[in-house]
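Colleague: Please take a close look at one part of this model, the site around the ligand, and then set it against the rest of the chain. Plain numbers with their cut-offs will do.

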Amino acid sequence: MAAKYTANLPQFAYTAQQVRDNEASAAQLAGLNLSQLMVRAADALFDLFDHELVNAEHILILAGKGNNAGDAYLLAELLHRAGRKVTIVAVFSPSLLAGDALRAYQRADAAGLNVLSELPKQHSFDVIVEGVFGIGFSGKLSGSLKSIFAYCNKDAALRLSIDVPSGIEASTGIVADGAFLADITLTFIALKQGMLTGSAKQVCGKLLFAPLGVAEAFSKIVNSTVSYVSHSAFMAMRLRRAHDCYKNQCGHVLLVGGNKGMAGAIRLASEACLRSGAGLVSVLTHTDNVAMVQQGRYELMVHGIETVESSREYVGALFAKADVLVIGPGLGQDNWAKALFDKSFNFDGIVVCDADALNLSAVSSLRYKQAVMTPHMGEARRLLTKSNTVDMSNRFDVAAHLQRDYDTTVVVKGPGSLVCQQTRMNINRSGSSAMASAGMGDVLSGIIASLIAQGMEKFAATSLAVYIHGLAAERAAVEGEKGLLAGDLFKHIRDLLG
Ligand SMILES: NC(=O)C1=CN([C@@H]2O[C@H](COP(=O)(O)OP(=O)(O)OC[C@H]3O[C@@H](n4cnc5c(N)ncnc54)[C@H](O)[C@@H]3O)[C@@H](O)[C@H]2O)[C@@H](O)CC1
Ligand SMILES: [K+]
């Protein structure tokens, strides 16, 4: 029989509020009620034990005081009835339980399970299941919970979280100090956006999904603003190239940057651009860097200028030939940089604004007609000087504020990944905000420009770029490439693009 959960995650994600507000209607639409959903949640968890945790002999279950605890008590009963050795600890008094969660506790009690009020002194567990908080959590963890979780986080047992690891705010991805660090999280009904990005992503461990028979109904009645680019969606969006196409049909990107002594970033961005398929890649850099940028990458067309003033027509001609402009990698902020930055507002097409061009944007009143901004959190903070109410630990908020303040598409770089928050499909002065993966920002700006130049759906270009970059970075990290260099990313990007 097919498992009741899957590692194939859905393409959309939601806030905890959306889940709370709509799960009853979705259940009704699917001919179910909330009590049945809790039973199904426990069944899916039990199924995970049946399929992947067959050898777990002694299982510790932690239960809280809300419906997440209800799932935990029902699972405890199922495991106990199946003959597994279960120790269950109520980290909040069962007298706080109500409704379905209370009934679940009563069932566990009636099945003969002895519910403890603290961790047993002598024990060794194969699996620790945490059903303390789910989508209802916000704020901080108490000292006693922190010490329970610290104990679990050090234990050699496999850690499984029910729906959301305790300590993660499911909508924002803010992780409370002392959170339970899951190896596996089985989440129900809908992906919660906060679990997909920032440090929350790592806290969740391997994310599995159980639709409980209502996911489809839920996605029909609730609109998502956050898309999750799964592998199959990525493959479907991939550009198919005609065998007889030639370079002029595959987009022309011009990358501007690389001030005196700063050849590296512009070279990385340019190479990423070539490697992700742009037909023609030109570089406009400082005269001193031409040889360095060109070296070993003869596909690049590298142009050097001493000053913008002395090369206005030359720069204008380069701009006229390109479909997409990248500005910022290694640009600096001196007069050479500022003149090029000012000039970039004359570009008639989409501008990918990165690195020092973002820092210059933060102090400029000029706005691009069509742009993708790719700040990391430090750059985002500088860009948001006027919106001092933004909570910088909430990456979704940061992206949404930047998008509004600069009226442009925003890709916030940083840990976690693969999420794209899109408000409208049109990149032009509205666009999307996305969360990208760790490091190598110059590589990301090159990929984004390349995909846009190749004429993919504009919103897809952003999420695809984030996906490729994020997955490549993750793969490289998983494969132990801790000191991640661009070369490692390039290898993975080639794999992913096929
Ligand atoms: N509603 C339903 O029908 C279903 C709910 N399900 C489960 O129910 C969960 C949601 O249940 P609840 O809405 O009861 O929420 P939770 O079980 O996440 O717990 C919420 C409780 O924790 C408290 N709390 C929040 N932050 C706290 C903090 N920092 N310190 C101390 N206490 C804190 C709240 O005041 C509330 O009492 C889901 O995550 C899922 O696991 C599933 O059974 C599927 C069906
Ligand atoms: K949990």
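Modeller: What follows starts at the ligand, goes on to one annotated residue and a helix, and ends with the chain as a whole.

The model is predicted, so local features are given only at pLDDT of at least 70 and side-chain atom pairs only at pLDDT 80 or more, whereas totals for chains, interfaces and linings use all residues. Residues are numbered from 1 along each chain as its sequence is written, and chains are lettered from A and ligands numbered from 1 in the order in which they are written.

Around ligand 1 there are 24 residues, of which G66, N67, N68, G134 and G136 come nearest; a residue is near a molecule if its C-beta atom, placed from the backbone, lies within 6 Å of it. Helix 2 (34-52) and helix 3 (67-81) are the elements that give two or more residues to this shell. Helices (H or I, at least four residues) and strands (E, at least two) are DSSP runs, numbered from the N terminus. By class, the shell holds ten nonpolar, nine polar and five charged residues. Here Ala, Val, Leu, Ile, Met, Phe, Trp, Tyr, Cys and Pro count as nonpolar, Asp, Glu, Lys and Arg as charged, and the others, Gly among them, as polar.

An unreviewed UniProt entry places the feature "binding site" at G134, I135, G136, F137, S138, G139, K140, D163, A265, G330, H376 and D442. These positions span 309 residues in sequence and their farthest two C-alpha atoms are 44.3 Å apart, so they do not all gather at one spot. UniProt positions are given in the numbering used here, feature names are shortened, and annotations may be inferred rather than shown by experiment.

Of these, D163 sits in the loop between strand 6 and strand 7 (184-188). D163 is buried because 27 other C-beta atoms lie within 10 Å; the cut-offs are 20 or more for buried, 12 or fewer for exposed, and partly exposed in between, with C-beta atoms placed from the backbone. Leaving out residues up to four places away in sequence, D163 touches N68, D71, G134, I135, T187 and F188, where contact means C-beta atoms, placed from the backbone, within 7 Å. D163 also has a positive phi of about 70 degrees, although it is not a glycine.

I189 shows a similar backbone value: its phi is near 70 degrees, positive in a residue other than glycine. I189 lies in the loop between strand 7 and strand 8 (191-192) and counts as buried because it has 27 C-beta neighbours inside 10 Å. H376, another position in the UniProt feature, is in the loop between strand 16 (371-373) and helix 14 (377-383). With 19 C-beta neighbours inside 10 Å, H376 counts as partly exposed.

Helix 5 (residues 143-154) has twelve residues and should span 16 Å at 1.5 Å a residue, which agrees with the 17 Å between its end C-alpha atoms; the expected span is 1.5 Å times one less than the number of residues. L145, I148, F149 and C152 are its buried residues. They cover an arc of only 95 degrees around the axis, which puts them on the same side of helix 5; the arc is that of the directions from the helix axis to the C-beta atoms. G143, Y151 and K154 are exposed on the other side. Strand 5 (127-131) and strand 6 (158-162) are included in what covers the buried residues.

Helix 16 (residues 441-453) has 13 residues, and its expected span of 18 Å agrees with end C-alpha atoms 18 Å apart. In helix 16, 13 of its 13 residues are buried. Just after it, G455 takes a positive phi of about 80 degrees.

As for the whole chain, 53% of its 498 residues count as buried, and its secondary structure comes to 18 helices and 19 strands. Among contacts between residues at least 6 apart in sequence, 71% join residues at least 24 apart. The unreviewed UniProt annotation "domain: YjeF N-terminal" covers residues 17-220; the end C-alpha atoms of that span lie 16 Å apart, and it is 41% helix and 18% strand.

Definitions and conventions:
Two residues are in contact if their C-beta atoms, placed from the backbone, lie within 7 Å.
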